[in-house]
Amino acid sequence: MPRKKKVLVFEAHGDDMEFTCGGTIAKFVDRGHEVALVVATDNDKGSFELSADELRAARDREVHGAARVLGVSKVICLGYPDGELQEKAPPHVLRGQFMRIIREVRPDIMFTWDPFTPYEGHPDHRTVAWAAHEAVSFAHFPLYYPEQVKEGLEPHYVGEQWFFAKAPRDVNKVVDISDYIDKKIQALCQHESQMVLTVAGFQFDLRASGLRLPELENLDPHDYEAAIDRRVRAIARAVGRQHGFEYAEPFRRTRFGGIERFAPDQELEEDV
Ligand SMILES: [Zn+2]
């Protein structure tokens with residue numbers, strides 16, 4: 001029986017985790033592992049219809065609602081303004097904040113955006129990716145942010161980094177989420193304001209393209225559930241098909257600094 005692990009997810013926006021690894025997180029929880037989530041921004045830009053204040057309040061409710069669906073036990077919201085993370089959080093500051101959280105939560109496994117993937121247009125995703133990767137790589141070095149150690153936080157080693165991406169590269173771990181696709185969609189649909197925005201975004205694309213898809217162009221974005229269900233299943237099915245699963249999520253994963261190369265006759269256990 002594999003040991004129960006602690007998982008820590010760093011994301012920029014409240015729905016990043018659900019879109020990229022919601023099924024995998026649900027599977028970790030189902031296997032008895034414990035998951036905590038860090039949301040770097042307050043998500044206050046993602047709406048065509050709500051004010052920033054209304055949106056911030058809605059997003060807080062939605063983030064916690066989705067975390068409950070997936071079984072995430074702790075949510076830490078840092079509250080940086082959406083879309084402005086790289087200006088408002090200098091790299092040294094954000095890396096230090098992330099390192100503090102790592103030394104407090106003491107995870108075995110970290111999930112975040114892949115800092116090395118191409119075609120990532122969102123500055124918040126890139127900023128979180130670098131800060132999380134750097135923080136996790138050095139959190140066990142006591143001379144990094146030594147003031148945290150003086151306060152009594154122990155340095156902490158994180159063995160595994162799992163990276164998700166819009167355009168994944170060098171995928172070396174694919175998780176079968178066939179039993180968790182419904183939960184992933186259910187969690188995503190808790191993010192009502194963002195799913196309305198997603199469908200409205202499809203409609204922008206459609207109008208600009210001149211193509212005709214009557215069922216989408218006539219859809220009230222508030223009736224988003226069927227459209228989101230279709231999109232999420234199509235993406236997960238396309239990944240699954242290449243690996244013999246009905247639905248799957250892809251990751252680039254590094255484990256224990258590649259130490260297994262020195263023990264070719266032994267195998268690392270899998271947690272999911
Ligand atoms: Zn995002």
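In the predicted model, aspartate 220 is located in the loop that connects helix H9 (214-217) with helix H10 (225-241). Aspartate 220 is classed as partly exposed, because its relative accessibility is 38%, a value between the 20% and 50% limits for buried and exposed residues. Aspartate 220 also contributes to a negative surface patch, the other members of which are Glu49, Glu192, Asp223 and Glu225.

A second acidic residue, glutamate 269, is found in the segment that follows strand S7 (248-255). With a relative accessibility of 40%, glutamate 269 is likewise assigned to the partly exposed class. Glutamate 269 and proline 2 are separated by 267 residues in sequence, yet their C-alpha atoms are 7.2 Å apart in space.

The cysteines were then examined for covalent pairing. A disulfide links the sulfur atoms of two cysteines through a covalent bond. The structure contains zero disulfides. For cysteine 21, the closest cysteine sulfur belongs to cysteine 77 and lies 16 Å away; this distance is too far for a bond, since a disulfide requires the two sulfur atoms to be within 2.5 Å. Cysteine 189 likewise takes part in no disulfide, its nearest cysteine sulfur being that of cysteine 21, at 17 Å.

With respect to solvent accessibility, cysteine 21 is buried, its relative accessible area being 0%. Cysteine 189, at 11% relative accessibility, is also counted as buried, because the buried class comprises residues under 20% relative accessible area.

Conventions:
Residues are numbered from 1 along each chain as its sequence is written. This is a predicted model: local features need pLDDT of at least 70, side-chain atom pairs count only at pLDDT 80 or more; totals for chains, interfaces and linings use all residues. Side-chain values use heavy atoms; hydrogens and water are left out. Patches are made of residues with over 30% relative accessible area and no salt bridge: like charges are joined within 9 Å, nonpolar side chains (Val, Leu, Ile, Met, Phe, Trp, Tyr) within 5 Å. Accessible areas come from the Shrake-Rupley method with a 1.4 Å probe; for residues, only the protein chains shown count as cover. A salt bridge is a side-chain nitrogen of Lys or Arg within 4 Å of a carboxyl oxygen of Asp or Glu. Lys and Arg count as positive and Asp and Glu as negative; His and the chain ends are not counted. The place of a charge is taken as NZ of Lys, CZ of Arg, CG of Asp or CD of Glu. Helices (H or I, at least four residues) and strands (E, at least two) are DSSP runs, numbered from the N terminus. Buried means under 20% relative accessible area, exposed over 50%, partly exposed in between (1.4 Å probe, protein chains only).
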